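Here is a short set of exercises with worked solutions, meant for a first look at a protein. Take them in order, and keep the view of the chain open while you work.

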Amino acid sequence: YGQDIVFIDCGMGFPEEDMPGIDLVIPDITYLTSNREKVRGILLTHGHEDHIGAVPYVLKQLNVPIWGTALTIGIIKNKLSEHRLDFKPQLNTVKAGDKVRLGVFEAEFIHVNHSIADSCAIALSTPRGLIVHSGDFKLDVTPIEGEMMDLTRFGELGKKGVKLLMCESTNAERPGYTPSERKVGQSLEYIFATNPTNRILIATFSSNVHRVQQVIDISAKHGRKVAITGRSMLNIVGAATELGYMTFPKNTIIDISEIKKYNPEQLTIITTG
């Protein structure tokens with residue numbers, strides 16, 4: 001609007017079958033680089049690859065401030081450690097409820113539930129009205145950690161009047177609802193209880209820290225050591241642990257190189273999906 005530009009999320013995709021030789025698909029930011037003096041910053045909803053994966057590549061062309069919640073920024077810091085930038089990136093940590101001013105815009109971060117912690121929707125006040133970007137979300141009334149999605153704030157914004165809603169809609173065309181993440185915990189408990197003599201390997205998205213936490217807790221309950229493998233899994237678990245989003249029972253985690261020391265029934269291995 002006028003002399004100000006903001007953009008929400010900065011993700012990457014993976015190549016389709018008709019893209020031989022392509023490793024990553026990142027946005028075309030020609031419009032942004034040709035208007036770089038107007039760009040006030042990047043607003044991030046959460047830490048999944050399809051929402052933050054292109055940040056290192058975009059920063060190499062566009063040195064602009066970034067705002068995101070603690071886990072999102074923590075994951076980005078890990079990413080940026082693998083890239084060479086000739087400047088110190090402007091990474092700003094916010095929490096749900098915070099408001100940030102960017103030129104004529106004001107962005108409010110609103111708590112939502114998703115398969116990664118610290119996810120937010122963004123309400124963007126503009127001179128022409130209010131825009132609400134939901135981010136990725138799930139209506140989970142019994143989340144593993146923290147409170148459920150801030151429906152009260154969405155209701156307040158609705159009464160205020162929303163000019164445009166940009167809404168995530170995975171499976172919206174299917175009837176019913178997605179079960180709570182706690183339901184997954186019940187299934188995991190059943191798997192461990194019914195496989196007392198086997199080594200258990202679990203593959204999951206590395207960013208689903210709540211699910212990884214459940215696997216570790218159930219493993220400890222059943223007297224198993226846990227080895228974590230996969231580059232992105234190690235990076236995200238490291239960031240989540242450092243920020244206090246994950247905690248481990250003492251002496252539960254072992255290095256992947258140590259697994260030969262244990263019998264199958266003593267081991268759980270968590271790897272990336």
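**Exercise 1.** Find which residue follows α8 and state the sign of its phi.

*Solution.* Go to the end of α8: the residue to look at there is Gly244. Its phi is positive, near 85°. Please keep in mind for this and every later exercise that the model is predicted.

**Exercise 2.** Work out whether the end-to-end distance of α8 agrees with its number of residues.

*Solution.* Step one: α8 runs over 231-242 and has twelve residues. Step two: a helix is expected to span 1.5 Å times one less than its number of residues, so α8 should span 16 Å. Step three: the C-alpha atoms at its ends lie 17 Å apart, which agrees.

**Exercise 3.** Decide how the buried residues of α8 are arranged around its axis, and what covers them.

*Solution.* Start by listing the residues with under 20% relative accessible area: in α8 these are Met233, Ile236, Val237, Ala239 and Ala240. Looking down the axis of α8, you find these buried residues within an arc of 160°, so they line one face of the helix. Next, turn to the face pointing away from that buried side: Arg231 and Glu242 are exposed there. Finally, look at what lies over the buried residues of α8: the cover includes α4, β10 (200-204), α7 (209-221), β11 (225-229) and β13 (267-272).

**Exercise 4.** Repeat the analysis for helix α6 (residues 181-193).

*Solution.* The length comes first. With 13 residues, α6 should span 18 Å, and its end C-alpha atoms are 19 Å apart, which agrees. Now for burial: Glu181, Gly185, Leu188 and Phe192 are the buried residues in α6. They take up an arc of only 65° around the axis, which puts them on the same side of α6. Gln186 and Tyr190 are exposed on the other side of α6. Among the elements that cover the buried residues of α6 are β10, α7 and β13.

**Exercise 5.** Describe the largest pocket: its volume, its centre and its lining.

*Solution.* The volume of the largest pocket is about 1600 Å³. Its lining has 46 residues, and those closest to the centre are His48, Asp50, His114, Ser115 and Phe205. Sort the lining by kind, and you get 14 nonpolar, 21 polar and eleven charged residues. Then sort by helix: α2 (49-52), α3 (55-59), α4 (70-80) and α8 each give at least two residues to this lining. The largest share, four residues, comes from α8, the helix of the earlier exercises.

**Exercise 6.** Do the same for the second largest pocket.

*Solution.* The second largest pocket holds about 400 Å³ of space. Of the 26 residues in its lining, His111, Val112, Asn113, Glu145 and Glu147 lie nearest the centre. By kind, the lining of this second largest pocket divides into nine nonpolar, nine polar and eight charged residues.

**Exercise 7.** Place Cys10 and Arg84 in the chain, and say whether each is buried or exposed.

*Solution.* Cys10 sits in the loop between β1 and α1. Its relative accessibility is 3%, so Cys10 counts as buried. Cys10 has contacts beyond four places in sequence, including Ile42, Leu44, His51 and Val58. Ile52 is also touched by Cys10; the two are 42 residues apart along the chain, with C-alpha atoms separated by 4.9 Å.

Arg84 belongs to the loop between α4 and β4 (91-94). Its relative accessible area of 83% makes Arg84 exposed. Between the C-alpha atoms of Arg84 and Cys10 there are 18 Å.

**Exercise 8.** Which residues other than glycine have a positive phi in these two loops, β1 to α1 and β6 to β7?

*Solution.* In the loop between β1 (5-8) and α1 (30-33) you meet Asp9. Asp9 is not a glycine, yet its phi is positive, about 70°. Asp9 is also buried, at a relative accessible area of 13%. In the loop between β6 (105-111) and β7 (120-126), look at Asp118. Phi of Asp118 is positive too, near 65°.

Conventions:
Residues numbered from 1 in each chain as written. Predicted model: local features only at pLDDT ≥ 70, side-chain atom pairs only at ≥ 80, totals over all residues. Heavy atoms only, no water. 1 Å grid on protein atoms, 1.4 Å probe; cavity = no way out; pocket = protein on both sides within 12 Å on 5 of 7 lines; lining within 4 Å. Points joined across faces, edges and corners; volume = space filled by probe spheres on them. Nonpolar A, V, L, I, M, F, W, Y, C, P; charged D, E, K, R; others polar. Buried < 20%, exposed > 50% of the residue type's maximum accessible area, 1.4 Å probe, protein only. Arc of directions from axis to C-beta. Contact = heavy atoms within 4.5 Å.
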